[in-house]
Amino acid sequence: MIVLIALAIYIGAMGIKQVRALTTTLPSVAWIPLARAHAERADDMTAGHRARRSANEKHAIEDFLYDYYGTRPNQLRRWHPGVGTGLAPAPAGLPEHAGWKFYVSHPDGVVTLNQDAFLAARGESVRYIHGLLTATASRPVFSGCFGLHEWAMVYRDPEHRHELPLRLGQAETDKVVEQHTIRCTHFDAFRFFTPEAVGLNRLQPTRATQVDLDQPGCLHAAMDVHKWAQKLGPAVPGALALDCFALAGEIRLLDMQASPYDLASYGHPPVKIETPEGKAEYVARQREFARRAAGLRSRLIRVCEELLGPENAAQNREAVAPFNQR
């Protein structure tokens with residue numbers, strides 16, 4: 001049975017008052033199956049990567065989720081109840097979470113996220129993530145980039161990040177870049193442009209302008225819901241964390257299908273963004289991903305606001321308000 005508790009417990013001879021805010025407490029018969037199912041889902045999602053890692057094999061599409069985002073399968077399979085949810089003791093004793101970083105065990109045996117300790121360590125990150133996600137969510141979807149950031153990363157450069165052939169060859173790939181308007185808003189894509197491509201971008205994103213420029217139609221901004229879920233760590237419910245990881249994987253596939261690389265060796269057809277048909281396919285899938293990412297982004301914003309509290313969250317929203325709707 002799920003119990004809502006708001007209790008004050010007096011402990012010690014000195015009458016020290018320990019207050020636990022309104023918390024949803026899960027009994028062991030509820031949270032143990034959730035934790036087990038989460039680990040099984042995570043293992044299924046990372047099975048291919050773990051097998052390749054053991055065999056020292058690379059994957060041009062999927063490795064991005066682990067190398068760029070620093071995803072660790074063992075961390076991904078660790079289930080967290082999320083901020084505001086406590087775990088009642090099991091018959092065998094306290095939940096293993098009691099020994100994990102940023103958790104606290106209360107006198108009644110319930111284990112919860114230690115919000116004070118978490119904010120003391122990561123408060124600046126929480127405020128930044130909240131502001132960035134709030135500003136991004138306030139903007140309309142822009143779907144006119146056609147994934148050309150990947151093309152700009154190989155423009156006029158014979159050295160490529162992936163050991164894959166270019167679908168059109170170098171000369172024709174360069175022509176595609178030159179025949180289109182490049183409008184990349186995401187710094188973490190733009191910073192990998194070749195030197196010759198940098199000046200072709202209508203914008204010049206920097207880390208300092210990320211809050212000002214990130215927009216919900218960008219594939220990389222959508223994939224970043226996984227990044228921010230990882231940064232928020234144990235405050236994020238397990239199901240939300242895996243949903244963010246799953247979406248990032250789907251988006252990464254489109255990112256590479258629309259790139260200049262030939263993915264025939266992986267069995268994936270290209271999205272030929274140099275053609276009207278390819279552009280239409282890209283935009284349709286991009287907009288669907290933007291819709292799904294918006295839901296996850298909203299849930300992450302709520303996690304931030306539960307951590308910060310109503311007053312601090314409101315102040316943080318005001319701080320990024322000048323960047324909204326840009």
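Buried here means under 20% relative accessible area, exposed means over 50%, and partly exposed covers what lies in between. With that in hand, let us walk through this predicted model, starting with its salt bridges and ending at its largest pocket.

**Charged pairs**

Side chains of opposite charge can pair when their charged atoms come close. In this model the count comes to 17 salt bridges. Three of them are set out below.

| Salt bridge | N to O distance |
|---|---|
| Arg41 and Asp243 | 2.9 Å |
| Asp255 and Arg252 | 3.3 Å |
| Arg317 and Glu305 | 2.7 Å |

Take the pair of Arg41 and Asp243, joined by a salt bridge of 2.9 Å, N to O. This pair links distant parts of the chain, with Arg41 in helix H1 (residues 28-54) and Asp243 in helix H11, 202 residues apart. Arg41 has a relative accessible area of 31%, so Arg41 is partly exposed. Asp243, with 25%, is partly exposed too.

Helix H11 also holds both Asp255 and Arg252, which sit three residues apart, about one turn of the helix. Are these two residues buried or exposed? Asp255 has a relative accessible area of 1%, so Asp255 is buried. Arg252 is buried as well, at 2% relative accessibility.

The third pair brings us to helices H12 and H13. Arg317 lies in helix H13 (residues 310-320) and Glu305 in helix H12 (residues 276-308), so their salt bridge ties together parts that are 12 residues apart in sequence. Arg317 counts as partly exposed at 37% relative accessibility. Glu305 has 21% relative accessibility, and because buried means under 20%, Glu305 counts as partly exposed.

Some salt bridges share partners, and in this way Glu150, Arg161, Arg252 and Asp255 are joined into one network. Within that network, the side chains of Asp255 and Arg252 meet at 3.3 Å, N to O.

**The largest pocket**

Now to the open space in the model. The largest pocket holds about 490 Å³. Its lining is made up of 23 residues, and those nearest its centre are Gln75, His80, Gln230, Gly233 and Pro234. Helix H3 (73-76), helix H10 (219-232) and helix H11 (238-257) are the elements that give two or more residues to this lining.

Which element gives the most to the lining of the largest pocket? That is H10, with four residues. Sorted by class, the lining has 10 nonpolar, eight polar and five charged residues.

Helix H11 thus appears in both parts of this report: it contributes to the pocket lining, and it carries Asp255 and Arg252.

Technical notes
Residues are numbered from 1 along each chain as its sequence is written. This is a predicted model: local features need pLDDT of at least 70, side-chain atom pairs count only at pLDDT 80 or more; totals for chains, interfaces and linings use all residues. Side-chain values use heavy atoms; hydrogens and water are left out. On a 1 Å grid over the protein atoms alone, a cavity is a set of points where a 1.4 Å probe fits but cannot get out, and a pocket is an open set with protein on both sides within 12 Å along at least five of seven lines; lining residues have an atom within 4 Å of a point. Grid points are joined across faces, edges and corners, and a volume is the space filled by probe spheres set on the points. Ala, Val, Leu, Ile, Met, Phe, Trp, Tyr, Cys and Pro count as nonpolar, Asp, Glu, Lys and Arg as charged, and the others, Gly among them, as polar. A salt bridge is a side-chain nitrogen of Lys or Arg within 4 Å of a carboxyl oxygen of Asp or Glu. Buried means under 20% relative accessible area, exposed over 50%, partly exposed in between (1.4 Å probe, protein chains only).
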